[in-house]
Each structure stands twice: as structure tokens, then as C-alpha cells.
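The exercises below are meant to be worked through with the sequence and the three-dimensional model side by side. Each task is followed by a solution that goes step by step.

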Amino acid sequence: MKETLLLGSEGIKKTILHGGTGDVPKFVTGAKVTFHFRTQLCDDERTVIDDSKAVGTPMEIVIGNMFKLDIWETLLSSMRIGEVAEFWCDTVHTGVYPLVSKSMRRIAEGKDPVDWHIHTCGMANMFAYHSLGYDDLDELMKEPKPLYFVLELLKVQQPSEYDRESWALSDEERLKVVPVLHGQGNKLYKQGRYQEATQKYKEAIICIKNVQTKEKAWDVPWMKLEKMANTLTLNYCQCLLRMEEYYEVIEHTTDIINQHPGIVKAYYLRGKAHVEVWNEAEARQDFSRVLDLDPGMKKAVKKELAILNMRMEEKNQEDKSKYKGLF
């Protein structure tokens, strides 16, 4: 039997589909809530946008952790363990859903939950690139609509009952852990453990980016976080160079240069990556820019140009040998 009621928040209607058998849990700050969700349009077909059961992994959020779609905290806090309920939510509560959905889809695809290497917040990123990468989400972002959320509450763990990962930390805790992760990454890099170092740098970058999305772009607090993220991203790129992931280095350093064209290290690392993939003109251009910005790098650039000349000579010899018998 369905029970329909209005919650305290305006623009929400709840319909209980299954009452559940568990107790009413305590939704205290820091509690981790695990649940399944299905998101549907309010059309005749009740078109499904996302379904965690189809993906095979339930959703987790931490109460009080400023999850982008904060209305979910309100909805979940009205439920018992094992309860299944359908919530109709007006557009005032669903406007940011496309951004949240993008992050969840990226996780399901095995990608980073946030585009930490793109130096804008989610909303600004949408306007800069004109797309979230999914046609249905782009449409929903252009024209927000009421949505149905079908939620099934699986469990609620109190703060002392689980090990908190970086995503579950408060903003203050995230900023405290960044220098720790940075130091761990540096130590692993010196030990030649580059893959492990990248994970430390990446985790620190994600912490910073999560905090940064709550600041106004290009204001002083935002810029301070941006500088920290850039430093870590360039350290990450140094690891990638050692791991021979040259095209990824070019991608990340180009993102930084496009936003902050005065960062010498970004040109230097991109130049080194171009050398490794025989992009001669691009490498020379980057090293020239390094000298324009910091003449003190002359000795290092001279060394890299010598490597470039050697690489190009090797490639020319290989090409001659490869095509020798064809003409």
C-alpha cells in the first residue's frame, strides 16, 4: 500500500513504496549513508536517467559534507532502514542534478569523479566547454525539470563505525590532509614508486578541487587553492613522465597553460613530453617560452634541446632504414 505525504521542505512529495523493517537511524553529521537510487523524468514514460542498481553499485554520501545535491540528505533523513520511497522534487531542488549525475557516471565508467585537471568548478566548466559530455544531461541542464527519485535506504554508519576516505572528510579536514598527501607523494617519487606517488598527488588534488568548487572562481581563496592544485598537478605530471605517459602529460600541462600562461614548469614538462613523442616544433616552442619566462633555466633547456636533437636524429635514421627498400 502506498502512502503519500508532503515533507517539510516545499516542492517535495514522498510516496512510500515499502515501509522497511529496520529502526529509524541517527542521521548525525559525519554519518555515512548507503542507498540505491533511480532518477526518472516526470514524463509519460517515466524515462530513467540514472539507476544505481543497473550499475551494480549503491551510492554513498556523508551527512553534513555539503554533497552537491543536498536535498538527498533531507529525503534520506525521512527514511527507515530497508524503506523504499519515491520522491517528486520540483526544479528548485533538481537544478544541479546534471552535475551530480556526471560525477556518478564517471565513477561508474572507472574515471575520476571530478575533472580535477580542468581548472574551473563544475558550473563554470559547463559554460566553458558547452557540454557535460552526456546529451541527456546537457538537455536537462539547459532546461531544468522536476524529477522523481526512487530511494532505497540500505544502511547508515555512524562516524566511528567506518574508516573515512578523503571524499568523506569535511572541507577543513581535506585541507589539513593535503600537505600530508603531498609529502607522501614526494617521498614515493624519490623512491621511484611513481604509480603510488600519482595516487597520493591525485587524492590531494581531488581534496583541493572539492573545496574549490565552493569558492567563487578567481577570488583570492579560489586562487590560493588553484596554486596548490597546480603544484600538485605538475608533480603528478613528473610521475607520468617517468611512467612514459607522455600524451597525458601534454593534456594536463596544456590545461594549466591555458588558464595560467605564466607557469614555467608547465611549459618545461610539456616540452619534455613533446620531445619523447617526436613533436619537434612543439618542444622547441615550449623550451623557448621557458627561457622567456625564466632565463635562469638556460642550462636545463640546453640539455633538453640536446636530447631533442639526438631523438630526432635517431628517428630520421629509423625512418631511412624503414623506407630504404620501398623506393
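**Exercise 1. Find which residues UniProt lists for "repeat: TPR", and describe that span in this predicted model.**

Solution. The starting point is the record: an unreviewed UniProt entry lists residues 264-297 for "repeat: TPR". Turning to the predicted model, one finds that this span is 79% helix and 0% strand, and that its end C-alpha atoms lie 9 Å apart.

**Exercise 2. Check whether the length of α11 agrees with its number of residues, and decide how far α11 is covered.**

Solution. At 1.5 Å a residue, the 13 residues of α11 should span 18 Å, and because the end C-alpha atoms are 19 Å apart, the two values agree. For the second part, a residue counts as buried when its relative accessible area is under 20%. By that criterion α11 is mostly covered, with ten of its 13 residues buried; among them are Val264, Tyr268, Leu269, Arg270, His274 and Val275. Just after α11, tryptophan 278 takes a positive phi of about 60°.

**Exercise 3. Work out which helices line the second largest pocket, and classify the lining residues.**

Solution. The pocket in question has a volume of about 250 Å³. Its lining includes Tyr189, Gln238, Arg242, Tyr268, Lys272, Glu276 and Ile307. Assigning the lining to helices, one finds that α9 (220-242), α11 (264-276) and α13 (298-323) each supply at least two residues, while the largest share, five residues, comes from α11. Sorted by type, the lining residues divide into seven nonpolar, one polar and four charged.

**Exercise 4. Decide whether arginine 174 is buried or exposed, and relate its position to that of isoleucine 208.**

Solution. Arginine 174 lies in helix α7, which covers residues 171-190. Its relative accessibility is 4%, and therefore arginine 174 counts as buried. Although arginine 174 and isoleucine 208 are 34 residues apart in sequence, their C-alpha atoms are 7.2 Å apart in space.

**Exercise 5. Determine how the buried residues of α6 are placed around the helix axis, and what the face turned away from them carries.**

Solution. In helix α6 (residues 135-142), the residues Leu137, Asp138, Leu140 and Met141 are buried. These four cover an arc of only 165° around the axis, which means that they lie on the same side of α6. The general background is that an α-helix has 3.6 residues a turn, so residues three or four places apart point the same way. On the face of α6 turned away from the buried side, one finds the exposed residues Asp135 and Lys142.

Technical notes:
Residues numbered from 1 in each chain as written. Predicted model: local features only at pLDDT ≥ 70, side-chain atom pairs only at ≥ 80, totals over all residues. Heavy atoms only, no water. 1 Å grid on protein atoms, 1.4 Å probe; cavity = no way out; pocket = protein on both sides within 12 Å on 5 of 7 lines; lining within 4 Å. Points joined across faces, edges and corners; volume = space filled by probe spheres on them. Nonpolar A, V, L, I, M, F, W, Y, C, P; charged D, E, K, R; others polar. Expected span 1.5 Å × (residues − 1). Buried < 20%, exposed > 50% of the residue type's maximum accessible area, 1.4 Å probe, protein only. UniProt positions renumbered as here; feature names shortened; annotations may be inferred. Arc of directions from axis to C-beta.
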